[in-house]
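Please open the model in your viewer and keep the selection panel at hand. The tour moves from one selection to the next and says at each stop what is to be found there.

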Amino acid sequence: MNTVIDMHGKQPGQAPRLVHQGLVYGSDEAFLTATVPFCLDGLEQDEAVLAVTTPANIDLLRQQLGSAAKSVEFIGADDWYQAPGRTLAAYYRYVDERTATGRHRQVRVIGEPVWHGRDVLETDEWTRYESVINVAFADCPAWIVCPYDTRALPEAVVADARRTHPQLVTGPAAESSSHYADPLGGTWGRELSPAPADGKAVMRFDADLTAVRSFVHDTALSLGMSRDAAGRLVFAANEVATNAIQHGGGAGEITVWRTSHRVICDVKDLGSAGGPAEAGWVLGYLPPDPKRPHGHGLWTVRQLCDLAEVHTGDRGTTVRLHLNLV
């Protein structure tokens, strides 16, 4: 049986921690019934309020909030949800900037992901992004409500909302989701699709990172990447190859190829024992400790790439980097 949850989320005497809720709605009225009280209650408690949603929903919120709208920060979803790693980092900065100094005790976010125009891989990765929020922000003073419009979204995307959010909003109330799947459980890890048999460039490497950088740079340019994009791919591949050398047996293999609109680069170590695939996919999604000199590599890689997949297993770890050509 689902548990009804207090939408005010007050925990007297306790520091606020992440609340992550999915809002499945099928009308403007249903959207406003949940989001307007959410915003007003946050403003009343002097919390920072951010609404990242569609232009139409921004207009609806502005109209219903009236003069209170000037205290809410509005951002178009298409501008915010461009790459999973960069989006997660942007939310992390938003929370940190508004709570680290004590200015606000908690932030409230309406975050409506963009699903239109995504291919199967992109949809899968954005779904995993929604799941990993539960781990990456577990101890953050953030209350995030993610709207899903049943009028516009495929049924599978809406169904996944129930798996990626521990709680579901129904009007002014919320309840626990009986379909919620643990991000670190066995649900989210998956095998990488095989690289193509033809049209790929392959290089084995050891400690010579200069050779790695030259190979990736020259191959990326030959596949039609701009110099700027090739530079980002080189930086990302260098970071992953460094990890392979240091932690993966001192050697690895790089494979680069092109699809219709992406250049893809696999960096695979050849010597590590690997680990459980169901946990490995989150690598690079968890914010690194800023006080530590190491451990920032995969976090940086996810900022540079449009998509990054990580697969760990008995034969080691493969990191797949995707950069769009346009």
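In which loop is the place of Asp46? Select Asp46 in this predicted model, and you will find Asp46 in the loop between α1 (28-44) and β3. Most residues other than glycine have a negative phi. Asp46, although not a glycine, has a positive phi of about 60°. With a relative accessible area of 49%, Asp46 is partly exposed, because that value falls between the limits of 20% and 50%.

Next, select Thr54, which is found in the loop between β3 and α2 (55-65). Thr54 has a relative accessibility of 30% and therefore counts as partly exposed. If you leave out residues up to four places away in sequence, Thr54 touches Ala77 and Glu112. Adding Gln82 to the selection gives a pair that is 28 residues apart in sequence and 14 Å apart in space, taken from C-alpha to C-alpha.

Now move to strand β5, where Arg108 has its place. Is Arg108 buried or exposed? Its relative accessibility is 1%, so Arg108 counts as buried. Show the side chains here, and you will see that the side chain of Arg108 makes a polar contact with the side chain of Glu47, at 2.5 Å.

The next selection is a nonpolar core. In soluble globular proteins, nonpolar side chains tend to be buried together. The largest nonpolar core of this model has 39 residues, and among these Tyr81, Tyr91 and Phe137 touch the most other members. At least two residues of this core are supplied by each of β3 (48-53), α3 (77-80), α4 (84-99), β5 (107-111), α5 (120-136), β6 (142-149) and α6 (155-164), and the largest share, 6 residues, comes from α4. Centre the view on Phe137, which, leaving aside its neighbours within four places in sequence, is in contact with Leu18, Leu88, Tyr91, Tyr92 and Val95. A second, separate core of 33 residues can be selected afterwards, including Met203, Phe215, Cys265 and Val301.

Two helix pairs come next. Two packed helices are described by the angle between their axes and the distance between the axes. Select α5 and α6, whose axes come within 9 Å and cross at roughly 20°, which makes α5 roughly parallel to α6. The crossing of these two helices, α5 and α6, is right-handed. To display where they meet, pick Thr123, Thr127, Glu130, Ser131 and Asn134 in α5 together with Val157, Asp160 and Thr164 in α6.

For the second pair, select helix α8 (residues 227-247) and helix α10 (residues 297-304), whose axes come within 9 Å and cross at roughly 160°. The helices α8 and α10 are therefore roughly antiparallel to each other, and α8 passes α10 in a left-handed crossing. On the α8 side the contact is made by Arg232, Phe235, Ala236, Glu239, Val240 and Asn243, and on the α10 side by Gly297, Leu298, Thr300, Val301 and Leu304.

The last stop is Asp266, which is found in strand β11 (residues 262-269). At 9% relative accessibility, Asp266 counts as buried, because the cut-off for buried is under 20%. With which side chain does the side chain of Asp266 make a polar contact? The partner is the side chain of Arg320, at 2.7 Å. Widen the selection, leaving aside neighbours within four places in sequence, and Asp266 is in contact with Glu253, Ile254, Thr255, Trp257, Thr318, Val319 and Arg320.

How values were computed
Residues numbered from 1 in each chain as written. Predicted model: local features only at pLDDT ≥ 70, side-chain atom pairs only at ≥ 80, totals over all residues. Heavy atoms only, no water. Core = buried A, V, L, I, M, F, W, Y, C linked by side-chain atoms within 4.5 Å. Buried < 20%, exposed > 50% of the residue type's maximum accessible area, 1.4 Å probe, protein only. Helix = DSSP H or I, 4+ residues; strand = E, 2+ residues; numbered from the N terminus. Contact = heavy atoms within 4.5 Å. Polar contact = N/O pair within 3.5 Å; in protein donor to acceptor, adjacent residues only side chain to side chain. Axes fitted to C-alpha atoms, helices over the stretch in contact; angles between N-to-C directions. Parallel < 35°, antiparallel > 145°, perpendicular 65-115°, else oblique. Left-handed = near helix turned anticlockwise from the far one by under 90°.
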